[in-house]
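Please examine the sequence and the coordinates below before reading the account that accompanies them.

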Amino acid sequence: MPYITSVERIGIGKGLQQGRQGSIILILEVRFEHIPHKLRELIRKIEDYDMLYTLMVQAVKVQSLEAFESVANQYVTEEGLKLENTK
């Protein structure tokens, strides 16, 4: 197995984070068409990989965009970010 430097490890993590952020946005776009700009910005600010995974699962499961926003509010508030009015 080749050696991976800490800089490479950070880059890989950042790429995974951005991929998961993009997946959440894509799922929401496919399911609900229009995604408010502020909700997109919020998703892009989230760095916690586990939280992004949880939100990606919720994006698939929720019945409405409003329900997703409610779930996102719950998780994001715990991390110190706040979801302002996304409409």
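The following paragraphs proceed from the overall architecture to the core, the helices, a salt bridge and the surface.

The model under discussion is predicted. The protein contains four helices and zero strands, and its elements follow one another from the N terminus as α-α-α-α. Of the 87 residues in the protein, 31% are buried. The exposed surface amounts to about 5900 Å², of which carbon and sulfur atoms supply 54%. When contacts in the protein between residues at least 6 apart in sequence are considered, 66% of them join residues at least 24 apart.

Which residues have the most contacts inside the largest nonpolar core? This core has 19 residues, and the residues in question are Ile24, Leu28, Leu39, Ile43, Ile46, Leu55 and Phe68. At least two residues of the core come from each of α1 (6-32), α2 (37-45), α3 (49-61) and α4 (65-78). Leu28 illustrates how the core is joined across the sequence. If neighbours within four places in sequence are set aside, Leu28 is in contact with Glu33, Ile35, Leu39, Ile43, Ala59, Leu65 and Phe68.

Helix α1 may be considered next. With 27 residues at 1.5 Å a residue, α1 should span 39 Å, and the separation of its end C-alpha atoms is 39 Å, in agreement with that expectation. The expected figure follows because the rise of 1.5 Å is multiplied by one less than the number of residues. The buried residues of α1 are Gln17, Arg20, Gln21, Ile24, Ile25 and Leu28. Leu16, which also lies in helix α1, is instead partly exposed, with a relative accessible area of 45%.

Just after α1 comes Glu33, which takes a positive phi of about 65°. Most residues other than glycine have a negative phi. Glu33 is not a glycine, yet its phi is positive. This residue is found in the loop between α1 and α2. Glu33 is classed as exposed because its relative accessible area is 66%, the threshold for that class being over 50%. Glu33 is nevertheless one of the residues in contact with Leu28.

On the other side of this loop, attention turns to Arg40, which lies in helix α2. Is Arg40 buried or exposed? Arg40 counts as buried, because its relative accessible area is 18% and the class requires under 20%. Apart from neighbours within four places in sequence, Arg40 is in contact with Ile25, Glu29 and Ile35. The C-alpha atoms of Arg40 and Ile24 are separated by 9.2 Å, the two residues being 16 residues apart along the chain.

The contact between Arg40 and Glu29 involves a charged pair. Side chains of opposite charge can pair when their charged atoms come close. In this model, the side chains of Glu29 and Arg40 meet in a salt bridge, with an N to O distance of 2.7 Å. The pair links distant parts of the chain, with Glu29 in helix α1 and Arg40 in helix α2, eleven residues apart. A search of the whole structure finds one salt bridge. The two partners fall into separate burial classes: Glu29 is partly exposed, with a relative accessible area of 27%, whereas Arg40 counts as buried at 18% relative accessibility.

Helix α4 offers a further example in Val71, which lies in that helix. Val71 counts as buried because its relative accessibility is 15%. When residues up to four places away in sequence are not counted, Val71 touches Leu55 and Gln58. Its C-alpha atom is separated by 9.7 Å from that of Thr54, a residue 17 residues apart from Val71 along the chain.

The account ends at the surface. Which residues form a nonpolar patch there? The patch consists of Ile4, Ile12, Leu16 and Tyr49, which together have about 330 Å² of accessible area. Leu16, the partly exposed residue of helix α1 described above, thus reappears as one of the residues of this patch.

Notes: Residues numbered from 1 in each chain as written. Predicted model: local features only at pLDDT ≥ 70, side-chain atom pairs only at ≥ 80, totals over all residues. Heavy atoms only, no water. Core = buried A, V, L, I, M, F, W, Y, C linked by side-chain atoms within 4.5 Å. Buried < 20%, exposed > 50% of the residue type's maximum accessible area, 1.4 Å probe, protein only. Contact = heavy atoms within 4.5 Å. Patch = residues over 30% accessible without salt bridge, like charges linked within 9 Å, V, L, I, M, F, W, Y side chains within 5 Å. Areas by Shrake-Rupley, 256 points an atom, 1.4 Å probe, with all protein chains shown as cover. Salt bridge = Lys/Arg side-chain N within 4 Å of Asp/Glu carboxyl O.
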